[in-house]
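Student: Please take a close look at a single helix and what surrounds it. Keep it brisk.

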Amino acid sequence: MLAAYASHLDPHDPLAGLTVGERPAPEPREHWTTVDVRAAAVNHHDLWSLRGVGLRAEQLPMILGTDAAGVTPDGREVVVHGVIGGASGHGVGPQEPRSLLSERYPGTFAEQVAVPTWNLVDKPAGLSFVEAACVPTAWLTAYRMLFRSGRVTPGQRVLVQGAGGGVSTAAVLLGAATGVEVYVTSRDESKRARALALGAAAAVEPGGRLPAKVDVVLETVGAATWSHSVRSLRPGGTIVVAGSTSGDPTAAELQRIFFQELSVVGATMGSRDDLVHLLALLGRTALRPLVDTTFPLTRTRDALARLAGGAQFGKIVLEP
């Protein structure tokens with residue numbers, strides 16, 4: 001089958017290690033299902049994998065990708081929950097540590113992907129395969145950051161650092177749809193304007209003054225925005241961290257954190273139940289993931305290059 005995979009690792013030029021070519025199809029395995037992939041979204045996780053973060057040379061070649069929507073052999077249209085093992089242990093046993101697809105098991109950038117049957121969730125009929133493929137990482141992460149880790153309620157204020165990415169776009173749309181006052185930052189004036197059009201209450205340049213202190217900050221950027229995130233919180237507020245695309249901050253600003261009694265909470269994707277609830281929300285409303293561009297699987301390099309360049313607004317999706 002055709003697949004896009006890491007053939008070697010390069011921390012300085014991640015795309016140098018990407019190969020698109022033939023790989024063996026998944027073999028049958030008890031309690032697992034092989035899904036014909038109709039769409040797979042790209043994420044920064046894929047670029048980090050190509051750099052060797054969370055992936056070792058002895059695991060190569062490794063098919064990339066954590067997100068997928070597709071069809072099972074019996075015709076069921078499904079969305080794949082990309083977290084394998086951990087507390088659930090379904091399909092792998094309770095002792096196996098948690099991992100994401102493309103870390104211990106081949107990922108979704110392929111014509112087929114095998115996952116524990118428990119990891120499959122019914123795709124709402126109103127969502128296209130491309131839209132559904134955007135949900136399991138970026139949208140699920142935004143959902144968990146807002147409503148689980150951040151415990152955001154209607155009427156609260158939330159700062160989303162870095163408009164345009166998959167998580168940030170999802171957070172703006174989810175927040176606006178549920179009565180949250182969302183502020184965003186971006187260096188790009190056009191991205192700030194688009195965020196406002198999606199429902200953000202305010203959009204400022206990185207480090208800019210906000211209309212008011214916020215209850216929660218959604219932080220996926222790291223070093224470039226951390227100080228602004230800490231200073232933007234009201235006393236007792238919460239920063240939810242789900243990434244650090246610009247690296248770790250050199251100073252944690254602990255004095256401000258303890259004096260203002262701030263909380264810092266980590267979030268990685270979400271549970272299968274979270275995915276079920278999020279898909280139900282999308283299936284019963286007009287809320288839909290924003291898709292930036294789609295590429296055929298043969299052009300995975302172009303898709304990842306667009307992600308690496310930061311030009312996207314919304315999700316980039318591959319279609320085998």
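Tutor: Here is helix H9, followed by the sheet beside it in this account. The model is predicted: local features need pLDDT of at least 70, side-chain atom pairs count only at pLDDT 80 or more, and totals for chains, interfaces and linings use all residues. Residues are numbered from 1 along each chain as its sequence is written, and side-chain values use heavy atoms, leaving out hydrogens and water.

H9 spans residues 300–309. Helices here are DSSP runs of H or I with at least four residues, strands are E runs of at least two, and both are numbered from the N terminus. Thr300, Ala303, Leu304 and Leu307 of H9 are buried, meaning under 20% relative accessible area with a 1.4 Å probe, protein chains only. These residues lie on the same side of H9, because they cover an arc of only 90 degrees around the axis. The arc is taken from the directions from the helix axis to the C-beta atoms.

What do the buried residues of H9 pack against? Their partners are strands S1 (2–6), S2 (18–22), S17 (291–296) and S18 (315–319), plus helix H1 (44–51). Contact means heavy atoms within 4.5 Å. After H9 comes Gly310, with a positive phi near 75 degrees.

Two of those partners, S1 and S2, also belong to an open sheet of three strands, ordered S2-S1-S4 with antiparallel pairing. Two strands pair if DSSP finds at least two bridges between them. S2 and S4 (62–63) are the edge strands, each pairing on one side only. S1 and S4 run antiparallel and are joined by two bridges. Ala6 has Met62 of S4 as its bridge partner.

Conventions:
Buried < 20%, exposed > 50% of the residue type's maximum accessible area, 1.4 Å probe, protein only.
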